[in-house]
Amino acid sequence: MSTHFDTDRDLTISRVIKAPRALTWRAFAEPELFAKWWVPAPTTLDVLELSLRPGGAMRTEMRNDGGPPEPHMHACILDVEPLRRLVFTTALQSAWRPAPESAIMITAVLTLEDHSDGTLYSAHVMHRDAAARQVHETLGFADGWGTVAAQLAGLVEGMT
């Protein structure tokens, strides 16, 4: 499955990670590693469920300043190609159940490709319309997703 980039509705970010693709994939697939990079620090993440299979869940809570857990994400995994690609949506929750309406409902295609310096990580985030894309961009898509990409790189580069 390939995805077309729609400049009106999509956002994207890419980063070269100086670590092997297999190690980078582990940071997606292992909940204890995923929790270390998926939200910008100093916020911390609790991974409640991470089931990388179609219909599986990506369910997380976040904690700010050591406070109580707050809902973060309850997404449905749409497609998985181990070591290469993870596709999820927040329009559905686990087991294909419709999600409650929210301001930002996305479908994200996260890819890992071999690169001469390690791994090329790309996140292609699709929105239902241009207005939803604009909301996500205004809320800090580039800073937030850029920060977590940097945290992913720091984590796996430190493991090599």
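Which residues are exposed on the other side of helix 3? Work through the exercises below to find out. The model is predicted.

**Exercise 1. Find the two sides of helix 3.**

Solution.
- Step 1. Locate the helix: helix 3 covers residues 130-138.
- Step 2. Pick out its buried residues. They are Ala 132, Arg 133 and His 136. Buried means under 20% relative accessible area.
- Step 3. Check their directions. These buried residues cover an arc of only 100 degrees around the axis, so they sit on the same side of helix 3.
- Step 4. Turn to the other side. Ala 131 and Thr 138 are exposed there. Exposed means over 50%.

**Exercise 2. List what the buried residues of helix 3 pack against.**

Solution.
- Step 1. Start with the strands: strand 1 (10-17), strand 8 (106-115) and strand 9 (118-127).
- Step 2. Add the helix: helix 4 (141-157).

**Exercise 3. Place helix 3 in the order of elements.**

Solution.
- Step 1. Count the elements. The protein chain has 4 helices and 9 strands.
- Step 2. Read along the sequence: β-α-α-β-β-β-β-β-β-β-β-α-α.

**Exercise 4. Decide whether the radius of gyration fits a compact globule.**

Solution.
- Step 1. Take the expected value. A compact globule with 160 residues would have a radius of gyration near 15 Å.
- Step 2. Compare. The protein chain has 15 Å, which agrees.
- Step 3. Add the span. The C-alpha trace extends about 40 × 40 × 30 Å along its principal axes.
- Step 4. Add burial. Of the 160 residues, 42% count as buried.

Key: Residues are numbered from 1 along each chain as its sequence is written. This is a predicted model: local features need pLDDT of at least 70, side-chain atom pairs count only at pLDDT 80 or more; totals for chains, interfaces and linings use all residues. Side-chain values use heavy atoms; hydrogens and water are left out. The radius of gyration is taken over C-alpha atoms; the globule rule is 2.2 Å times the number of residues to the power 0.38. Buried means under 20% relative accessible area, exposed over 50%, partly exposed in between (1.4 Å probe, protein chains only). The arc is that of the directions from the helix axis to the C-beta atoms. Contact means heavy atoms within 4.5 Å.
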